[in-house]
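The following exercises ask the reader to derive structural descriptions from a set of coordinates. Each task is followed by a solution in steps.

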Amino acid sequence: MMQSENKKNILFLTARFPYPLVGGDRIKSFHLLRHLSAHHNVTLISCIHGEPPSKERLKPLTDLGINVHTVTVTAMKNGLRSLKTLWTDQPLEIAFYDVPEFHALVQKELKSKRYDMAIAFFMRTAEYIKHIPIPKLLIAEDCRVLYQSRSASSTSNILQRMIRLWEVIKLKRYEPKTVQCFDCVTCVTETDIQAMHASMPKARYALLTNGIDLEAMPASTEEQLQSRKGIVFVGLLHVLANAMMAMSIAKEFFPRLKALFPDLSLTIVGSSPGTAIRNLETRNIQVHGDVENIEEYFYRSAIFLHPHKGASGIQNKALQALAMGCALITTDSGTQGIPIKHGEHAFIAKSSDEMIEYATQLLNDPALRIRMALKGRSLIEQHFSWDAIFMQLDAILHDIWTNAKEKS
């Protein structure tokens, strides 16, 4: 709970509208906004993709008392804007979201009232406020240089690798210059903080990890865990990394496991599955796109297979799997920011063969699977409740305001 003090005016910027709660960035930004609006006067400016938002889509935020402004963007227009990466210092991901209408809205708001804090959610909104003379927080989530470097090294697609290497070149100049403009920069893992610190040691960093809504994801009993069956993978399936994981599970891992367990099923769940993902469907493989309630698929499944490669930040799907009692098999990169003990909370595979080996163990030993599921849930309760994340945020804001007062 925040200390008793006068309400402050906070300007909060997002590149994606925080509702519906699909995707880690929307979930986190919504919950942070929910917490901030309970204690302060919050104005949100957000990009919204496609059509202008309906009142129904705005309602979850306006019901919180948040003053909401949106800028409607399209992939075509933003794609054309990203061409300026060729003659400016902006990386593609920054140029894509550098929208004149968004700049105008920010400036209008800053002139209309005195703001005590401006918060940029993700590096792609930092451009709008990095030079304004008020306390500023950048919720960066991850080190983008690290993310793009790892992604470039892990992809076999030549075009993807070239684009990501271009981003690395741009970000190595852009990211350090940007983070130093903020009073504090937050990431979800210490690994990302260390990577940022290496390129810009003068900036101030803090950990602000991701949360899980434990009330919406209640713990399962041992009896409920006993009845679970099959393997599940959940993710935003229009995202290349998630689509690649889904494909590798269906084509590489599942056939080997099904040879050992003929009745085994695989369920792939997520938004906007492409043709290649939908074509994976067989009698034993089900694909569910754009479902209203992903939780039901976690709760009916025994194992969450997560052959993660590269990237940075924290894997929300891994947090969700642990919270909802799926025995998790992942990789070293899939555990970033999560204090998993191998063999206790989850299995951490070093190779494809190990992933098959661990899945086989869990399918042969329900007691081991249930024990691991219960330990995984306890880990989430201890470290990743939203109340714990709100305490981190409150401390960060308090420090920023205290430092600003001392300097004035």
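Helices here are DSSP runs of H or I with at least four residues, and they are numbered from the N terminus. The coordinates under study are a predicted model.

**Exercise 1. Locate Q382 and classify its exposure.**

Step 1. Under the helix definition above, Q382 falls in helix α15.

Step 2. The cut-off for an exposed residue is a relative accessible area over 50%. Q382 has a relative accessible area of 60%, so Q382 is exposed.

Step 3. For a long-range reference, take Y174, which is 208 residues from Q382 in sequence. The C-alpha atoms of Q382 and Y174 lie 36 Å apart in space.

**Exercise 2. Test the length of α15 against the expected helical rise, then describe its buried side chains and their cover.**

Step 1. The expected span is 1.5 Å times one less than the number of residues. Helix α15 has 18 residues and should therefore span 26 Å.

Step 2. The end C-alpha atoms of α15 are 26 Å apart, in agreement with that expectation.

Step 3. The buried residues in α15 are L368, R369, I370, M372, A373, G376, R377, L379 and I380.

Step 4. Cover for these buried residues includes the helices α9 (222–226), α13 (316–323) and α14, together with the strands β11, β12 and β13.

**Exercise 3. Repeat the analysis for α14.**

Step 1. Helix α14 runs over residues 352–364, which is 13 residues. From first to last C-alpha, α14 reaches 18 Å, close to the 18 Å expected at 1.5 Å a residue.

Step 2. M355, I356, Y358, A359, T360 and L362 are the buried residues of α14.

Step 3. The elements that cover them include α10 (240–260), β11 (303–305), β12 (327–330), β13 (347–348) and α15 (366–383).

Step 4. The two helices thus appear in each other's cover: α14 is listed for α15, and α15 is listed for α14.

**Exercise 4. Determine the environment of two residues in strand β5.**

Step 1. Strand β5 contains I139 and E141.

Step 2. A residue is buried when its relative accessible area is under 20%. The value for I139 is 0%, so I139 is buried. E141, at 9%, is buried as well.

Step 3. Beyond four places in sequence, I139 is in contact with L32, I119, A120, F121, F122, T186 and L208. N210 is 71 residues from I139 along the chain, and the two C-alpha atoms are separated by 11 Å.

Step 4. The backbone of E141 deserves a check: although E141 is not a glycine, its phi is positive, at about 75°.

**Exercise 5. Identify further backbone features that call for attention.**

Step 1. D290 also has a positive phi, about 55°, and is not a glycine. D290 is placed in the loop between β10 (285–289) and α12 (295–300).

Step 2. Y19 and P20 are joined by a cis peptide bond with omega of about 5°. P20 belongs to the loop between β1 (9–14) and α1 (24–37).

**Exercise 6. Compare the settings of two threonines, T125 and T267.**

Step 1. T125 sits in the loop between β4 (117–121) and β5 (136–141), whereas T267 lies in strand β9 (residues 266–270).

Step 2. With a relative accessible area of 1%, T125 is buried. T267 is buried at 10%.

Step 3. Excluding residues up to four places away in sequence, T125 touches L13, T14, A15 and A120. With its neighbours within four places set aside, T267 contacts I231, V232, F233, Q286, H288 and Y297.

**Exercise 7. Characterise the chain as a whole.**

Step 1. The chain holds 16 helices and 13 strands. Its radius of gyration is 22 Å, close to the 22 Å that the globule rule gives for 408 residues, so the chain is as compact as a globular protein of that length.

Step 2. The C-alpha trace spans about 65 × 50 × 45 Å along its principal axes.

Step 3. Of the 408 residues, 55% are buried. Among contacts with a separation of 6 or more, 68% join residues 24 or more positions apart.

Step 4. The accessible surface is about 18,500 Å², and carbon and sulfur atoms contribute 53% of that area.

Step 5. There are 47 positive and 41 negative side chains, and the centres of these two sets are 5 Å apart.

Key: Residues are numbered from 1 along each chain as its sequence is written. This is a predicted model: local features need pLDDT of at least 70, side-chain atom pairs count only at pLDDT 80 or more; totals for chains, interfaces and linings use all residues. Side-chain values use heavy atoms; hydrogens and water are left out. Buried means under 20% relative accessible area, exposed over 50%, partly exposed in between (1.4 Å probe, protein chains only). Contact means heavy atoms within 4.5 Å. The radius of gyration is taken over C-alpha atoms; the globule rule is 2.2 Å times the number of residues to the power 0.38. Accessible areas come from the Shrake-Rupley method with a 1.4 Å probe; for residues, only the protein chains shown count as cover. Lys and Arg count as positive and Asp and Glu as negative; His and the chain ends are not counted. The place of a charge is taken as NZ of Lys, CZ of Arg, CG of Asp or CD of Glu.
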